[in-house]
Amino acid sequence: MEPIELYFPGDADPERLDSFISRSVPELTRSAALRLIEGGQATVNGKVQKPSLKLKGGEHIVVEVPPPVPAEPQAEDIPLEILFEDADVVVVNKAAGMVVHPGAGNPDGTLVNALLGHCTDLSGIGGELRPGIVHRIDKDTSGTLVVAKSDRAHYALSEQFQAHTIKRVYLALVYGNLKEDKGRIESEIGRHPVERLRMSGKARHGKHAVTHWRVVARYPGVTLVRLRLETGRTHQIRVHLSEAGHPLVADELYGGGSRLATLKDPVLKKLIKQMGRHALHAKTLGFLHPASGEYLEFDTELPPDMAEIVAYLDEKYPQEESE
């Protein structure tokens, strides 16, 4: 599509950039305008700006609306680490950087695209030949994930997730030194009232969320933590740890980015910058097989980027470890 050119009137009252674009381009919702701005597809006087920028008059805005993507995900030949597969389920060790499901800004290259290319025996979910996503982990979170291949499996796994009987254990590197060796965080998590990309434990309308945590090892400035999810809300671990004052290492969205400067170890700083994503790994996943009822559990090692940081810390600060 041709770029859309807009001009903010000089005599108009100040208005947010995302609001003005959505009001001026009928086919764009406020959320769609926000995604375009954040994706660098909307500029003000030739520069990329934040959605919250207040237009004051006379600005020249150019919006590039990408062509629509196919409604149905397409099969792609993308390598996957398969931990287990049968006629009902497939368990994968998802790499950091891979989105689970196609969406705005991520039409392809996702886990769903990869599974459509990998699986030759999908029996259908809701009448469609597609993998059944019963839970997700964030794009930059690595680790274990189970996907249904049939309606029967999708229903049975969804029931287990709703009943909170699925075993989900994560490892995370967080900033700071937690006062206790273990604990429990409980709150209502919902969409942040102002910053719509974030979730918050202080939202007016949230869902009950519980995270159990235990310290694995303590190092100067950072702590390795084992976490068990009792519930599985969007960004639950990231929100709970951030609001407890211990954001994930390199979690830009929840305050981890600004904490890098507090570290005194230059090698550690370099390793964190090289990692380029928040330090969270879905280590263990356990569930009842939807057909046989057998309990299955899958455990994965830390990916190379996190493992390199932990190995460096263990070697340099062995006295900081805790049982």
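# Close-up views of a predicted model

UniProt places the feature "active site" at D138, in an unreviewed entry. The legends below refer to a predicted model.

**View 1. The annotated residue D138 and its surroundings.** D138 lies in the loop that runs between β9 (132-133) and β10 (142-148). Is D138 buried or exposed? Neither word applies: D138 is partly exposed, because its relative accessible area is 22% and buried residues have under 20%. Leaving aside residues up to four places away in sequence, D138 touches K94, H235, R238 and H278. The "active site" label at D138 comes from the UniProt record, whereas the contacts with K94, H235, R238 and H278 are computed from the model.

**View 2. Strand β10 and the strands that pair with it.** β10 follows the loop that holds D138. Seven of the seven residues of β10 are buried, so this strand is largely enclosed by the rest of the structure. Strand β8 (residues 89-94) runs antiparallel to β10, and six bridges join the two. Within this pairing, V92 has L145 of β10 as its bridge partner. β9 also pairs with β10 in the antiparallel sense, over two bridges, and here I133 stands opposite V147. The pairing of β10 with β16 is parallel and has two bridges. S142 stands opposite H281 of β16.

**View 3. The largest cavity and its lining.** How many cavities of 30 Å³ or more does a search of the whole structure find? The search finds one. The volume of the largest cavity is about 40 Å³. Its lining consists of H135, T144, R168, Y170, A282, T284 and L285. Which strands each supply at least two residues of this lining? They are β11 (167-175) and β16 (280-288). β16 gives the largest share, three residues. By residue class, the lining of the largest cavity has three nonpolar, three polar and one charged. β16 also appears in View 2, as the parallel partner of β10.

**View 4. The second largest pocket.** This pocket holds about 410 Å³ of space. It is lined by 17 residues, of which R16, L34, E38, P51 and E195 are the closest to its centre. Helix α2 (residues 30-38) provides five residues, the largest share of the lining of the second largest pocket. The residues of this lining divide into eight charged, six nonpolar and three polar.

**View 5. Strand β12, its antiparallel partners and the loop with V194.** Over how many bridges do β12 and strand β14 (residues 207-219) pair? The two strands pair over eight bridges, in the antiparallel sense. One of the residues in this pairing is I189, whose bridge partner in β14 is K207. β12 also runs antiparallel to β13, to which two bridges join it. In that pairing R191 stands opposite M199 of β13. The loop between β12 (182-191) and β13 (199-200) contains V194. Why is V194 classed as exposed? Its relative accessible area is 65%, and exposed residues are those over 50%. Between the C-alpha atoms of V194 and L280 the distance in space is 25 Å, and these residues are 86 residues apart in sequence.

**View 6. An open sheet of four strands.** The strand order in this sheet is β1-β6-β3-β4, and the pairing is antiparallel. Which strands form the edges? The edge strands are β1 (4-7) and β4 (47-48), and each pairs on one side only. Strand β3 (residues 42-44) and strand β6 (residues 60-63) run antiparallel and are joined by three bridges. V44 has I61 of β6 as its bridge partner.

Definitions and conventions
Residues are numbered from 1 along each chain as its sequence is written. This is a predicted model: local features need pLDDT of at least 70, side-chain atom pairs count only at pLDDT 80 or more; totals for chains, interfaces and linings use all residues. Side-chain values use heavy atoms; hydrogens and water are left out. Buried means under 20% relative accessible area, exposed over 50%, partly exposed in between (1.4 Å probe, protein chains only). On a 1 Å grid over the protein atoms alone, a cavity is a set of points where a 1.4 Å probe fits but cannot get out, and a pocket is an open set with protein on both sides within 12 Å along at least five of seven lines; lining residues have an atom within 4 Å of a point. Grid points are joined across faces, edges and corners, and a volume is the space filled by probe spheres set on the points. Ala, Val, Leu, Ile, Met, Phe, Trp, Tyr, Cys and Pro count as nonpolar, Asp, Glu, Lys and Arg as charged, and the others, Gly among them, as polar. Two strands pair if DSSP finds at least two bridges between them. UniProt positions are given in the numbering used here, feature names are shortened, and annotations may be inferred rather than shown by experiment. Contact means heavy atoms within 4.5 Å.
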